[in-house]
Amino acid sequence: YNPDLSFEFIDRISLLLFLKFFSLFKIDPILMGSLSAFVLWIGIYLFSEKIVYQFDKSLKSTILFSILFNSSVFILTLSQYLYPTILLVLIDLVIFYLLINQHKNNLYINFIFLIIPFLFFSKVQSIAFISYIFWQLYKLNKINFKNIVLLILSTLFIIIIFYLLNTGSSDLGYYLVNQFKGRSSDVFPPFYAYFFEPSSLLIIF
């Protein structure tokens, strides 16, 4: 990573911060990429398993989940590559876990409002998840002035970090325009291809 170069899409910010953290260990960049991806997948597995356990505390369900998770095409084919989507999934799972267990700790809701901006800056598709999260928070009557302030402060923190890491480019609007424009692809992604993967069909059942 060259800090003198900028990137077109602003939703890579969370991933950039995540990689910056691992770069502090002064290890080979290739190993750093593998280690950071490994940590993300471990986190995704642990939080997925915890959420599954909330609804069905049987050992059989946990074993079945583990087999499906580790044999999934999403894990086996992506585990050596760090997509922004992978970080989005982890942040999402953390928020869902906090939502499910918010009655156990009053600070969980505060953490959610602090984390939401990182979710948005991890992948633009997170807008759908954020809308769902706010709907859940509204139903729980947890949206108040203090939490909105936390949300604003967390967002400002990320924007400030963005400027510090991209001193050569200070036009935030340019990145936002590129973000929503995307790759200008007119082709709808072939999501149906996953139905040809046995592990995908097993997960659905």
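Here are some numbered notes on this predicted model, to read with the structure open.

1. **The overall build.** Start with the secondary structure: the protein chain has ten helices and zero strands. Reading from the N terminus, the order of elements is therefore easy to remember, α-α-α-α-α-α-α-α-α-α. If you colour the picture by secondary structure, helices and the loops between them are what to look for.

2. **Inside and outside.** How much of the chain is buried? Of its 205 residues, 38% count as buried. The chain exposes about 13,100 Å², and carbon and sulfur atoms supply 70% of that. As for contacts, take those with a separation of 6 or more: 71% of them are between residues 24 or more positions apart. Keep that figure in mind for the pairs in points 4 and 5.

3. **A nonpolar patch on the surface.** Have a look at the stretch from Phe-21 to Leu-46, where you'll find the members of a nonpolar surface patch. They are Phe-21, Leu-24, Phe-25, Ile-27, Leu-31, Leu-35, Phe-38, Val-39, Ile-42 and Leu-46, and together they have about 940 Å² of accessible area. Which helix gives the largest share? That's helix α2 (residues 29–55), with six residues. Ile-42 is one of the patch members and lies in α2. Its relative accessible area is 40%, so Ile-42 counts as partly exposed.

4. **Helix α2 has a buried residue too.** Ala-37 is also found in helix α2, but here the relative accessibility is 1%, so Ala-37 counts as buried. Try finding Leu-82 next. Ala-37 and Leu-82 are 45 residues apart along the chain, yet their C-alpha atoms are separated by 5.5 Å.

5. **Ile-75 and its partners.** Move on to helix α4 (residues 73–76), where Ile-75 sits. Is Ile-75 buried or exposed? At 10% relative accessibility it is buried, because the cut-off for that is under 20%. Ignoring neighbours within four places in sequence, Ile-75 is in contact with Trp-41 and Phe-69. Trp-41 is 34 residues away along the chain, and the C-alpha atoms of Ile-75 and Trp-41 are separated by 8.0 Å. Phe-69, the other partner, is itself one of the buried residues of α3.

6. **Helix α3.** This helix covers residues 59–71, which makes 13 residues. From first C-alpha to last, α3 reaches 18 Å, close to the 18 Å expected at 1.5 Å a residue. Its buried residues are Ser-61, Thr-62, Phe-65, Ser-66, Leu-68 and Phe-69.

7. **Helix α7, a good one for seeing sides.** Helix α7 (residues 126–139) has 14 residues and reaches 20 Å from its first C-alpha to its last, close to the 20 Å expected at 1.5 Å a residue. Its buried residues are Ser-126, Ile-130, Ile-133, Gln-136 and Leu-137. Why do these count as being on the same side of α7? Because they cover an arc of only 120 degrees around the axis. The face turned away from that buried side carries the exposed residues Ala-128, Tyr-138 and Lys-139. What covers the buried residues? Among the elements doing so are α5 (84–100) and α6 (107–120).

8. **The loop between α5 and α6.** Those two covering helices have a loop between them, and Gln-102 is found there. Don't assume that a loop residue has to be exposed: the relative accessible area of Gln-102 is 15%, so Gln-102 is buried. Leaving aside neighbours within four places in sequence, Gln-102 is in contact with Tyr-108, Ile-109, Leu-140 and Lys-142.

9. **Two residues with a positive phi.** Finally, check the backbone at Lys-26 and Asn-141. Lys-26 lies in the loop between α1 (13–23) and α2, and its phi is near 55 degrees, a positive value in a residue other than glycine. With 74% relative accessibility, Lys-26 counts as exposed. Asn-141 follows α7 and belongs to the loop between α7 and α8 (145–165). Here phi is positive at about 60 degrees, although Asn-141 is not a glycine. Asn-141 has 66% relative accessibility and so counts as exposed.

Technical notes
Residues numbered from 1 in each chain as written. Predicted model: local features only at pLDDT ≥ 70, side-chain atom pairs only at ≥ 80, totals over all residues. Heavy atoms only, no water. Helix = DSSP H or I, 4+ residues; strand = E, 2+ residues; numbered from the N terminus. Buried < 20%, exposed > 50% of the residue type's maximum accessible area, 1.4 Å probe, protein only. Contact = heavy atoms within 4.5 Å. Areas by Shrake-Rupley, 256 points an atom, 1.4 Å probe, with all protein chains shown as cover. Patch = residues over 30% accessible without salt bridge, like charges linked within 9 Å, V, L, I, M, F, W, Y side chains within 5 Å. Salt bridge = Lys/Arg side-chain N within 4 Å of Asp/Glu carboxyl O. Expected span 1.5 Å × (residues − 1). Arc of directions from axis to C-beta.
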